[in-house]
Amino acid sequence: MSKSQELSFRQQAAAVISSKGLERVRAGHLWVYRSDLLQLPPVAGGSVVRVLDKRGRFVAWAHYGAQSEISLRIVSLAETQPTRDFWRQRLQAAERWRQCVVADTDAYRLVNAEGDYLPGLIIDRYGDSFALQTLTRGMEELKKMWVELLVEEFAPRRIVERNEVKVRQLEGLPLQSGIIYEVEKASGERERTGSAPVEVCITEHGIRFWVDLLGGQKTGAFLDQRENRAAAMRYAHGRGLDCFSFHGSFALHLARRCERVTAVEISAQALERARRNAELNRVTNLEFVEANVFDQLREYDEQGERFEIIVLDPPAFAKHREAVAGALRGYKEINLRALRLLKPGGILITCSCSYHVSEELFLEVLTEAAQDAGRIVQVVEKRTQSRDHPMLLTVPETYYLKCFVLRAI
């Protein structure tokens, strides 16, 4: 085969990217957009393809998303084609990092997608159960392999998939969830999917929680706030208020140190699980209020209620760029109200999990809220997602959770 024939063959069997796409990959980002593809690979979506520059030189290996605007997701810069052992080594590397940073819990994120150089793959561990999300066509094609590797490496009791995430639709994938692996019963018969329990009990900092693997938010719990909950417990004293409490995770941590705590949550179903979690831990200094947080904060202010510590952990107010303006108004209102409710020297732990609201924007909102509330505010700590949710320096999208510990003088 001549050099020209060899080059032609390589180009036909690979994705060819533009100079702009090449610059993006060389800068360390893992995504190449469709607009930066000069030649589509002649393979089905989900395949692992070679990525070449326009001169036919090797760049990387990537998952090809035929229907997504993010057409290539880089998985390796080495020229050797990824094999099953390659993926196993990535999984083992992720677990080694968790062994370094995860303590005092049996629930953590094992694989954090791009943050662990495994774009499109989320694996959360809940004791002897695992929750799996394959968010891209490439990882969906490898789903069976990931289940096998989890069984080989960890011998789990159960693996569920939580693939009802809407981002899968951008890849042309169906939304689905369910149990995809379970150990056999003592009788030798496999448990039926429909009859298997979906609740597991996890422990975090000595506090126990019921987690619904198939019905809970995310994959069952908000594991990314684990280290921030421990921080909240260190600052807790006096009377505490936990807003957007969900299953009571922050509230139960505050209750360890506070005289009494109020948990505010609009979902009756979530509050019921929070009550169960309080009963599980025999906590008696925690009350629950079913209400809209915006309305409840306003009511507390009008009634002259005051607190020593307040936690604001709202859902993402801006799930897309067009929603940022409204999100900033929402963040300002709840933080202004919370600052008005704090006693002198009180602590506000305030969070934003909206990627599109940058750290700088969030700080601007907090500054405006403090000014309007007439409070002098110190930044005591700047925090982010737990270390089992690592951020890749060259992929800014992996940094989404902002958490500030503020003290109102």
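I began with helix 8, residues 268-280, in this predicted model. Helix 8 lies across strand 15 (260-265) and strand 16. I noted that its direction makes about 175° with strand 16.

Next I looked up the sheet that holds strands 15 and 16. This sheet is open and has seven strands, in the order 16-15-14-17-18-20-19, with mixed pairing. I found strand 16 (286-290) and strand 19 (377-384) at the edges. Each has a single partner strand, so one side of each is left without a neighbour in the sheet. On average, neighbouring strands here are turned by 15° against each other, direction ignored.

I then checked one pair inside the sheet. Strand 18 (residues 342-352) and strand 20 (residues 402-408) run antiparallel and are joined by seven bridges. For Ile349, I found the bridge partner Val405 in strand 20.

Helix 6 came next, residues 226-235. I saw that helix 6 lies across strand 17 (307-312), strand 18, strand 19 and strand 20. It runs at about 150° to strand 19.

Last, I turned to a pair of helices. Helix 3 (residues 84-101) packs against helix 5 (residues 143-154) at an angle of about 55°, and their axes are 11 Å apart. The two are therefore oblique to each other, and I recorded their crossing as right-handed. Among the residues that meet are Trp87 and Leu91 of helix 3, and Trp146, Leu149 and Phe154 of helix 5. I noted the make-up of this contact between helix 3 and helix 5 as seven nonpolar, one polar and six charged residues.

Definitions and conventions: Residues numbered from 1 in each chain as written. Predicted model: local features only at pLDDT ≥ 70, side-chain atom pairs only at ≥ 80, totals over all residues. Heavy atoms only, no water. Pairing = 2+ DSSP bridges. Helix = DSSP H or I, 4+ residues; strand = E, 2+ residues; numbered from the N terminus. Axes fitted to C-alpha atoms, helices over the stretch in contact; angles between N-to-C directions. Contact = heavy atoms within 4.5 Å. Parallel < 35°, antiparallel > 145°, perpendicular 65-115°, else oblique. Left-handed = near helix turned anticlockwise from the far one by under 90°. Nonpolar A, V, L, I, M, F, W, Y, C, P; charged D, E, K, R; others polar.
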